[in-house]
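Visitor: I would like to learn how sheets and the helices packed on them are read from a model. Could you take me through one example?

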Amino acid sequence: MKILIISDTHRKNENYLKIVEKLGKLDMVIHLGDVEGSEYTIQEAVSCPVEMVAGNNDFFSNLPSEKMFRIGKYNVMITHGHRYYISMGNEMLKREAVAAGADIVMYGHTHRPVIDISKNVIALNPGSLSYPRQENRRPSYIIMEIDERGEAHFTLKYVE
């Protein structure tokens, strides 16, 4: 199973469309907010389920601020992160995710990629496809793959 995790596209969808074409068959796309009205474009570019949440710039969106669902054996919580003061670190969000029964929590907002695998919960932030803020300033995303044993693996990728 191959899952594309993205965030903070801010209505600039060129990189998203480029990586969707490059990756080929996907089993799911997860967008962690700041879609800014591009929900239809994000969904129509793929022929797989798409999970999305609203970010702090999704003012007129009907998207939920959080979602919980299962991917294989994992309980997954997705949120944009701004309601958890994520700019100050991900500890509060990780505590809330554990309390909610999540094995994996995914968030955006900071525009900086994170793969944080700890004992209690896995925290993922794919960074931004449009306005990256990490040191190398390269647009980024995460590929989550579930292997034949049901184990999740995460790879941080950059748009070429």
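Guide: One open sheet here has 5 strands in the order β3-β2-β1-β9-β10, with mixed pairing; strands pair if DSSP finds at least two bridges between them, and helices (H or I, at least four residues) and strands (E, at least two) are DSSP runs, numbered from the N terminus. The edge strands, each pairing on one side only, are β3 (50-52) and β10 (152-158). This is a predicted model, in which local features need pLDDT of at least 70 and side-chain atom pairs count only at pLDDT 80 or more, whereas totals for chains, interfaces and linings use all residues. Residues are numbered from 1 along each chain as its sequence is written, and side-chain values use heavy atoms, with hydrogens and water left out.

Visitor: In which sense do β1 and β9 run, and how many bridges join them?

Guide: Strands β1 (residues 2-6) and β9 (residues 140-146) run antiparallel and are joined by 4 bridges, with Lys 2 standing opposite Glu 145 in β9. Helix α1 (residues 14-23) packs on this sheet, touching β1, β2 (28-31) and β9, and its direction makes about 170° with that of β1; contact means heavy atoms within 4.5 Å, while axes are lines fitted to C-alpha atoms, for helices over the stretch in contact, with angles from 0 to 180 degrees between N-to-C directions.

Visitor: What is the strand order of the open sheet that contains β4?

Guide: That open sheet of 5 strands has the order β4-β5-β6-β8-β7, with mixed pairing, and its edge strands are β4 (66-71) and β7 (113-117). Strands β6 (residues 104-106) and β8 (residues 122-126) pair in the parallel sense over 3 bridges, and Val 105 has Ala 123 as its bridge partner in β8.
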